[in-house]
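Okay, thanks for coming, everyone. Let me put the structure up so we can go through it together.

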Amino acid sequence: MRPVRVRGSEEPRRCGWCRRVLPEQGSVGRPRLYCGQACRQRAYEQRSATAKAGLPDDVVLVSRGELDGLQDRLYQLRCALEDVQTLLTERPTKAELERSLSDLLRSTGRLDRLWVSERAG
Ligand SMILES: [Zn+2]
């Protein structure tokens with residue numbers, strides 16, 4: 001199946017390290033790859049470490065703590081989804097649905113970022 005791409009919804013450019021969405025940039029100059037010096041540095045350290053270990057370029061070394069954090073957040077997301085599913089069987093009011101959906105949205109929070117503790121915001 002071909003991926004569906006809705007016009008005007010092109011994927012935003014993301015930091016090569018933390019995956020934060022990069023700000024729009026004018027057409028002049030080289031496109032930014034990282035959101036800041038800290039991310040550039042960590043990406044460099046990763047590349048050096050994987051190269052030294054003889055691992056392929058796209059391998060990312062993740063600590064047990066970072067992986068646990070991601071799995072915790074995925075678990076929270078799953079629980080929030082199950083809450084919505086349960087609510088739907090109980091003929092919710094519009095207000096209840098809205099509250100439930102905003103909880104769900106909150107639990108997705110920073111799921112797209114593995115290294116959440118690195119930067120605030
Ligand atoms: Zn970054």
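I'll start with the overall picture, then go to the metal site, the cores and a few individual residues.

First thing to keep in mind: this is a predicted model. So how confident is the predictor in the protein chain? The average pLDDT is 82, and 84% of the residues score at least 70. If you go helix by helix, H1 comes out highest, at 92, and H3, residues 94-108, comes out lowest, at a mean of 87. The stretch to be careful with is residues 117-121, where pLDDT stays under 50. The model does still give that stretch 14 contacts beyond four places in sequence.

Now the fold. The protein chain has three helices and zero strands, so to speak an α-α-α pattern when you read along the sequence. Buried residues make up 20% of the 121 residues. The chain exposes about 9,800 Å², and carbon and sulfur atoms supply 54% of that. As for contacts with a separation of 6 or more, 44% of them are between residues 24 or more positions apart.

On to the part I guess you've been waiting for, the zinc ion. Which residues hold it? Cys 15, Cys 18, Cys 35 and Cys 39 coordinate the zinc ion, each through SG, at 2.3 to 2.4 Å. Along the sequence, the spacing of those donors reads C-x2-C-x16-C-x3-C. Take Cys 15 and Cys 39 as a pair: they link distant parts of the chain, 24 residues apart. Cys 15 sits in the segment before helix H1, which is residues 37-52, while Cys 39 is in H1 itself. And both Cys 15 and Cys 39 are buried.

What about the geometry? The angles between the four donor atoms around the zinc ion run from 102 to 115 degrees, so the arrangement is tetrahedral. For that label, all the angles have to lie between 85 and 135 degrees.

Keep those cysteines in mind, please, for the next bit. The largest nonpolar core has eight residues, and Cys 15, Cys 18, Cys 35 and Cys 39 are among them. The others in that core are Trp 17, Leu 22, Tyr 34 and Ala 43. There's also a second, separate core of six residues, including Leu 70, Val 84, Leu 104 and Leu 111. As a general point, nonpolar side chains in soluble globular proteins tend to be buried together.

Last topic, a few residues to click on. Most residues other than glycine have a negative phi. Arg 19 has a positive one, about 70 degrees, and it's not a glycine. You'll find Arg 19 in the segment before H1. Is Arg 19 buried or partly exposed? Partly exposed, with a relative accessible area of 39%.

Arg 91 also has a positive phi, near 45 degrees, and again we're talking about a residue other than glycine. Arg 91 is in the loop between H3 and helix H2, residues 64-88. With 77% relative accessibility, Arg 91 counts as exposed.

And then there's Glu 24, back in the segment before H1. Glu 24 has 81% relative accessibility, so it counts as exposed. Its C-alpha is 8.2 Å from the C-alpha of Arg 13, and the two residues are eleven apart along the chain.

Okay, over to you.

How values were computed:
Residues are numbered from 1 along each chain as its sequence is written. This is a predicted model: local features need pLDDT of at least 70, side-chain atom pairs count only at pLDDT 80 or more; totals for chains, interfaces and linings use all residues. Side-chain values use heavy atoms; hydrogens and water are left out. Donors are N, O and S atoms within 2.8 Å of the metal (3.2 Å for Na, K and Ca); water is not among the atoms, so sites may look incomplete. Four donors count as tetrahedral if all angles lie between 85 and 135 degrees; four count as square planar and six as octahedral if opposite donors are over 155 degrees apart and all others between 65 and 115; anything else is irregular. Helices (H or I, at least four residues) and strands (E, at least two) are DSSP runs, numbered from the N terminus. Buried means under 20% relative accessible area, exposed over 50%, partly exposed in between (1.4 Å probe, protein chains only). pLDDT is the predictor's confidence in each residue, from 0 to 100. Contact means heavy atoms within 4.5 Å. A nonpolar core is a set of buried Ala, Val, Leu, Ile, Met, Phe, Trp, Tyr and Cys residues joined through side-chain atoms within 4.5 Å. Accessible areas come from the Shrake-Rupley method with a 1.4 Å probe; for residues, only the protein chains shown count as cover.
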